[in-house]
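Here is a short briefing to keep beside the structure as you look around. It goes topic by topic, with helix packing and charged pairs taking up most of the space.

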Amino acid sequence: MTQHTANSPLDSRRGLMRERFFAPLFWAQAFGAFSDNFFKQVLLLMLTYIAVPKYGWDIGIVNNVAAGLFIVPLLLFSGWGGTLADAIDKRTLIRAIKWLELLTMSMAALLIWYQMFVGLMLLLFLAGTQAALFGPVKYAILPQQVPRRKLVVANAWVELATFLAILLGIVLAGVLISLSGWWASVSVSLVLVGVSVAGVIAAYFVPSAPPVQGRKVAIAPLRQSVEVLRSAWQQRRLFNTILGISTFWFLGVSYLTQLPQWVATVVHGSGSVVSFLLAAFAVGIGLGSLLCARLSAGRMELGLIPLGALLIGLAGFDFAHHAAFSSSAQLHSLAELLFRWRLWWMFIDLALIGVGGGLLIIPLYMRLQTEGDEAQRSRIIAANNIINALFMVMSALGAAFLLGVLGVSLHLYFGLIAALSLGLGALLAVKYPRPVLRICIFIVLRLCYRLKLSGRHNIPDTGPALVMCNHVSYMDALLLGGTSPRLLRFMMDTPAYESPWLNWFCRIAGAIPVDLGKRNPKDLRRALNEVSAALRNGEVVMIFPEGRLTRDGNIAEFRRGIETILKRDPVPVIPAAISGLWGSWGSYRKGRPFKRWPTRFRRKVRLGFGASVPYTQWNDRRVLRDRVLQVKEELGGGK
């Protein structure tokens, strides 16, 4: 159960990294991501440059076996890890896993010193096992510790740290392995043990997260993996979310796995160039995650998912079009290529692919964390990890078939990956247009106005509600719909609804037309029935109780329609108020709206949502008007 309420001190503007409920978990998972990837990269480099020449092993077989030894535990033990995380205190489990990590890395440091490669391969399996156990608890503990409105930001920081830790681990492994003599073994061993010790220390500062439903857990990893997959399949919305996350990993692995070959054959660059382009992808993921948090403004913004997929596709097509730098077989260093503008062009393409990935994956993870049965959250996340691993394997097999068997070029391969992403984004945008439209409106509003928002947590996370607001300009509905934590249905004048310029938008937005000018009883009944149906369906409906735009900037008397609506459906009422739009292009201050040129750009606008008014606490519409006036006075800033 979430431990922090909307009225807790956590409503302050303190950063998450200063909060005890988040910072220790952040560092524990960041150190773990670094250790796993640092160790894996060190082993791959040692196998490639020491074991293969020394023992005559086949490099392709060795590298694939090593990759399999890390992925197979994700398939075997993720279900068990999810079951454990649901059954015991997550803090206890995190500490146990970090101790397992320290033991694994300490043994690895010893075996690296003696170059015992078979033992190191077995330890890679153990490292994959602790990663499989840590994955479910890492994401399941976030909604239990972090307030919902900060969950998007928390996930963004976790994704940023994960990909930067992966990048740093890969790069640092290459740097330290290149050291001469025993310095390489000593430095690698110190990093492995030191970072693992830091992870154990961080784990001891993670607050308690008791299980929602305790039960005994049998040691039956394979059976539990099947059970968590069956449970996820039965919850179709969550299963579709898992497929979306797995698609991200499919796309990401497709780029990352083939990037070294791309650098060698197209860029004609050395290993340092690979690290440079890997950095672009990792930094892009981090920036995309933070941008998602910024655009989401604390809400689960599903409209960013198709936009992220479209961005991956467009940037991917641009990346695939790059021709070879030269016909020379000589590999150039990063220093030699840094002044080639086409390398920076590739860098930007990969960074944009990463940004699209961040926009796509954060809302999906938040949906996985907040929907469904809280008592099964860890097992659902475990199912996600299993399917993620399967999609990674599918990515590797697909690349082997296309590039090895069919012999397609890397350019065509990356073009096909981009087409897959672009098609997915277009399909989602067509199937779910309202969330896409809302986030696009929010982005435009952020560009056009300096918005100051308050009280959005007063809109309930679930269930019906009626939002009522003063009516200052024709931009009010867009402002409320674009900034609300939930999708809004809204009433609007029939002539505007039927306008050929606006009708497509109104239909997508779910507007409810009503002709206030003609006062047709039949039309009014039809509109009220639509409002009632929306509320009974658990939706949030927004209305302007004044019935028309203000002519003097003040709030007019409310019409009786709001009383009729609430008598039919006594739902919570959220008073809202806007200030700063009086005198804007869409208001009546200087004549009819839109009959003059806009005179001010980036106008400062305030929008506030007041505390919910239960049905039992109002007598008539005058009480509701007083609540709206109160919210407007609290906003300040004039009309």
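**Helix packing and charged pairs**

Helices α8 and α13 lie oblique to each other. Their axes come within 8 Å and cross at roughly 40°, a value that falls outside the ranges for roughly parallel, perpendicular or antiparallel. Please keep in mind that this is a predicted model. Beyond this helix pair, the count of salt bridges comes to 14, and several of them are described below.

**α8 against α13**

- Helix α8 covers residues 236-267, and helix α13 covers residues 377-405.
- The two helices cross with a right-handed sense.
- On the α8 side, the residues that meet α13 include Leu238, Phe239, Ile242, Trp249, Phe250 and Val253.
- On the α13 side, the partners include Ile380, Ala383, Ile387, Phe391, Met392 and Leu403.
- Some polar names also appear in this contact, among them Ser246, Thr247 and Gln258 from α8, and Asn384, Asn388 and Ser395 from α13.
- By class, the contact of α8 with α13 holds 16 nonpolar and 7 polar residues, with no charged ones.

**α3 against α6**

- Helix α3 (residues 90-114) and helix α6 (residues 182-203) have axes that come within 9 Å and cross at roughly 170°.
- An angle over 145 degrees counts as roughly antiparallel, so α3 is roughly antiparallel to α6.
- The residues in the contact of α3 with α6 divide into 16 nonpolar, 5 polar and 4 charged.

**Salt bridges between distant parts of the chain**

- Side chains of opposite charge can pair when their charged atoms come close.
- Lys150 and Glu19 form a salt bridge, with 3.9 Å between the closest N and O atoms.
- This pair ties the loop between α4 (117-145) and α5 (151-177), where Lys150 sits, to the segment before α1 (23-55), which holds Glu19; the two residues are 131 residues apart.
- Lys150 counts as buried because its relative accessibility is 12%, and Glu19 counts as buried at 5%.
- Glu301 forms a salt bridge with Arg438, and their closest N and O atoms are 3.3 Å apart.
- Here Glu301 belongs to the loop between α9 (271-296) and α10 (304-320), while Arg438 is in helix α15 (residues 433-448), 137 residues apart.
- Which side of the burial cut-off does Glu301 fall on, buried or exposed? With 1% relative accessibility, Glu301 counts as buried, and Arg438 counts as buried too, at 7%.
- Arg434 forms a salt bridge with Glu539, the closest N and O atoms being 4.0 Å apart.
- That pair again links distant parts of the chain: Arg434 is in helix α15, and Glu539 is in the loop between α19 (521-536) and β5 (540-543), 105 residues apart.

**A salt-bridge network**

- Which residues does Arg237 join in a network of salt bridges? Arg237 is linked with Arg367 and Glu371.

**Two further residues to look up**

- Arg592 is located in the loop between β6 (573-579) and β7 (603-609).
- With a relative accessibility of 55%, Arg592 counts as exposed.
- Arg592 and Arg551 are 41 residues apart along the chain, and 9.7 Å separates their C-alpha atoms.
- Val283 is part of helix α9, and its relative accessible area of 35% makes Val283 partly exposed.
- From Val283 to Asn554 the C-alpha distance is 49 Å, with their positions 271 residues apart in sequence.

Technical notes:
Residues numbered from 1 in each chain as written. Predicted model: local features only at pLDDT ≥ 70, side-chain atom pairs only at ≥ 80, totals over all residues. Heavy atoms only, no water. Axes fitted to C-alpha atoms, helices over the stretch in contact; angles between N-to-C directions. Helix = DSSP H or I, 4+ residues; strand = E, 2+ residues; numbered from the N terminus. Parallel < 35°, antiparallel > 145°, perpendicular 65-115°, else oblique. Left-handed = near helix turned anticlockwise from the far one by under 90°. Contact = heavy atoms within 4.5 Å. Nonpolar A, V, L, I, M, F, W, Y, C, P; charged D, E, K, R; others polar. Salt bridge = Lys/Arg side-chain N within 4 Å of Asp/Glu carboxyl O. Buried < 20%, exposed > 50% of the residue type's maximum accessible area, 1.4 Å probe, protein only.
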